Structures are given as C-alpha cells and as structure tokens.
Amino acid sequence: MTPRLTPLALALITPLTFLMSHAQADQPGGQEIDYAVDGEAFAGYLASAPDESRGTVLIVHDWDGLTDYERRRADMLAELGVDAFAIDLYGQGNRPVETDAKKAETARLYEDRERMRRLTLAGLEEARAQGAAGPVVVMGYCFGGAVVLELARSDAAGEMAGFATFHGGLATPEGQGYRADTAPILVAHGGADASISLDDVASLGQELEAAGTPYEIEIYSGAPHAFTVFGSERYQARADEKSWAAFLGLLDEVL
C-alpha cells in the first residue's frame, strides 16, 4: 500500500516545484486515450501511479477543453501515487480557442445537464477500463468545477469518495440539491474573483450546511478567477499552492 502523505510531504509538493523539476520535459508523461460514448469520439488522458495506486482522481477540464494544463495536473497526481484520468466533455479535436466558441461549448452542457453527467461518468468508466484503481475523487477547474458539483448533486454521488472545485461555478440549478450522505466537498475560491462572487460562495455554504453535506470552503485573499492556471496573468502562486495542499489533504483523508 502506498503510504499516506505527511504534513511535511504536503508542504514540499507544490505545483511550482513540479513544474521546475519537469522544465526539460517536452511531453506529458501519461498517455492519450481515445474512447467513444454513444458513438461519439472523445480523447482523454491517463497518468498512472508508478507503483500501487491509492485510488483515482477524475479531472474535469475548464472551458478550453482538455489541454496540457489538465495533463500536467494528472502527471502531478500520478507522482503522488494515484491514477489520474482527465476526461473530455467536448469531443475529440474540439478545443475552442475564441471566447465565443468556449461559451458555446459550455452553454451546450449547461443546457443539457443529463449529457453533462453522462459524459462525466463515461469518462470514469473509461478510466476503469484502462485500469484506474480504487476509490474516486472528482476535481475540476472553472467550468470543470461546476461539473464536479453537478455530479455531487446527482444520484451517482454515492459512488465517489470526494469532490473538489477550483474557482468553479457554484450555482445550483432549480430542482437540484445536496444530501447529507454525499462525500466531502472542497471548494477553493479566489477572494478577488470577479466572475463568481463571495455572495455566491456564501450561498453555497448555506446550502451545504442546511443539507448536512460535509464540506470545506477556502478563500484566498486577492486571488482572481482562474488563479491556478500556470503562466497566465491571473496565476497566483500562493493561492495555487494553498489550494493544492488543501486538495492533497482531501486525498489523504478519503483515499
């Protein structure tokens, strides 16, 4: 069995140290996985633990679609002894670049929540088919964070060991809600997020508290929306590292 991470180990394993130690790597270390859902082609990314896996993390991409960003996060997790599978919700080759195209792709799924859940669970099924092991934690960034919470409110929530959303959408659609028997939810949010307000965070906290759902909400002062995106103008190392450490703490708790 892979040992649990100690607080010291958590402190030393940061996104920036990973990037610095892998600066010479031209390609991610995992493998591209082509798969089909109801006849549609999708392209995911699997990074496997080098030794016995503690479990699986399912990564849901932001509104760009699955890119090297999610691949890097998957590689980081694999090095920590878990299998990581980055799913594809847009379809093979569909990686929008223009803002309007990104909005259109996310709107397509926001307006069809059943498809959103089905494609997410199909990604998990493919991860299992590829040998991803053990209990599952679902995590996502921005749009992917909203997908994570969609799954946490669904009938499939009981199959998961935990959920984590980073600067993600927090609104609950009418007719949906949370339950007390849902696995722990981690919400990592930037205090200076201009897209998702602190009022939105408070509303979610009230919902989770009323439902009796186990949760933790972390707010990082001065951190804007998308504060975890390496190399972007919005990247904030402090908030990224603190949120990553909180996520590793969740993994240590539930895997």
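**A pocket, two cores and a few residues worth a look**

The largest pocket holds about 540 Å³ of space. It is lined by 25 residues, and the ones closest to its centre are Trp63, Cys142, Phe143, Ser195 and His225. This is a predicted model, so everything that follows is read off a prediction. As for what the lining is made of, its residues split into 10 nonpolar, eight polar and seven charged. Two helices, H4 (99-110) and H7 (198-211), each bring at least two residues to the lining. H7 gives the most, with four residues.

Two of the residues closest to the centre of the pocket can be followed a bit further. Start with His225, which sits in the loop between strand E8 (215-220) and helix H8 (237-254). Is His225 buried or exposed? Its relative accessible area is 14%, and buried means under 20%, so His225 counts as buried. Its side chain makes a polar contact with the side chain of Asp193, at 2.8 Å. Once the neighbours within four places in sequence are set aside, His225 is in contact with Cys142, His167, Asp193, Ser195, Ile196 and Arg234. Cys142 and Ser195 turn up on that contact list and also among the residues closest to the pocket centre.

Cys142 itself is in the loop between strand E5 (136-141) and helix H6 (143-152). With a relative accessibility of 12%, Cys142 is buried, because the cut-off for that word is under 20%. Its backbone has something to show as well: phi of Cys142 is near 55 degrees, which is a positive value in a residue other than glycine.

Asp38 has a positive phi too, near 50 degrees, and is likewise a residue other than glycine. Asp38 also belongs to a loop, the one between E1 and E2. What about its surroundings: is Asp38 buried or exposed? Its relative accessibility is 63%, and exposed means over 50%, so Asp38 counts as exposed. Cys142, by contrast, is buried.

Zooming out, the protein has eight helices and eight strands. Buried residues make up 52% of its 255 residues. The contacts also reach a long way along the chain: of those with a separation of 6 or more, 71% are between residues 24 or more positions apart.

Much of the inside can be described through nonpolar cores. The largest one has 39 residues, and Phe85, Leu89, Val138, Phe163 and Ile185 touch the most other members. Which elements give two or more residues to this core? They are the strands E1 (31-37), E2 (40-47), E3 (56-60), E5 (136-141) and E7 (185-190), together with the helices H5 (113-129), H6 (143-152) and H7. H6 gives the most to this core, with six residues. Apart from this core lies another, of 36 residues, and among them are Val137, Ala161, Ala164 and Phe230.

Ile185, one of the residues that touch the most other members of the largest core, has plenty of company. Not counting residues up to four places away in sequence, Ile185 touches Leu149, Ala152, Phe163, Tyr178, Leu208, Thr213, Pro214, Tyr215 and Glu216.

Three other buried residues round off the tour. Phe42 is in strand E2 and, at 1% relative accessibility, counts as buried. Leaving out residues up to four places away in sequence, Phe42 touches Ile33, Asp34, Tyr35, Val37, Asp88, Leu89, Tyr90, Gly91, Gln92, Arg115 and Leu119. The C-alpha atoms of Phe42 and Ile87 are 8.4 Å apart, although 45 residues separate the pair along the chain.

Thr120 lies in helix H5 and has a relative accessible area of 2%, which makes it buried. Its contacts, beyond the neighbours within four places in sequence, are Leu58, Ile87, Leu89, Val147 and Leu151. Leu89 is thus named twice, as a contact of Thr120 and as one of the residues that Phe42 touches.

Met76 is placed in helix H3 (residues 68-79). Its relative accessible area of 4% puts Met76 among the buried residues. Met76 and Gly29 are 47 residues apart in sequence, while the C-alpha to C-alpha distance in space is 9.7 Å.

How values were computed: Residues are numbered from 1 along each chain as its sequence is written. This is a predicted model: local features need pLDDT of at least 70, side-chain atom pairs count only at pLDDT 80 or more; totals for chains, interfaces and linings use all residues. Side-chain values use heavy atoms; hydrogens and water are left out. On a 1 Å grid over the protein atoms alone, a cavity is a set of points where a 1.4 Å probe fits but cannot get out, and a pocket is an open set with protein on both sides within 12 Å along at least five of seven lines; lining residues have an atom within 4 Å of a point. Grid points are joined across faces, edges and corners, and a volume is the space filled by probe spheres set on the points. Ala, Val, Leu, Ile, Met, Phe, Trp, Tyr, Cys and Pro count as nonpolar, Asp, Glu, Lys and Arg as charged, and the others, Gly among them, as polar. Buried means under 20% relative accessible area, exposed over 50%, partly exposed in between (1.4 Å probe, protein chains only). A polar contact is a pair of N or O atoms within 3.5 Å; within protein, one must be able to donate a hydrogen and the other to accept it, and residues adjacent in sequence count only if both atoms are side-chain atoms. Contact means heavy atoms within 4.5 Å. A nonpolar core is a set of buried Ala, Val, Leu, Ile, Met, Phe, Trp, Tyr and Cys residues joined through side-chain atoms within 4.5 Å.
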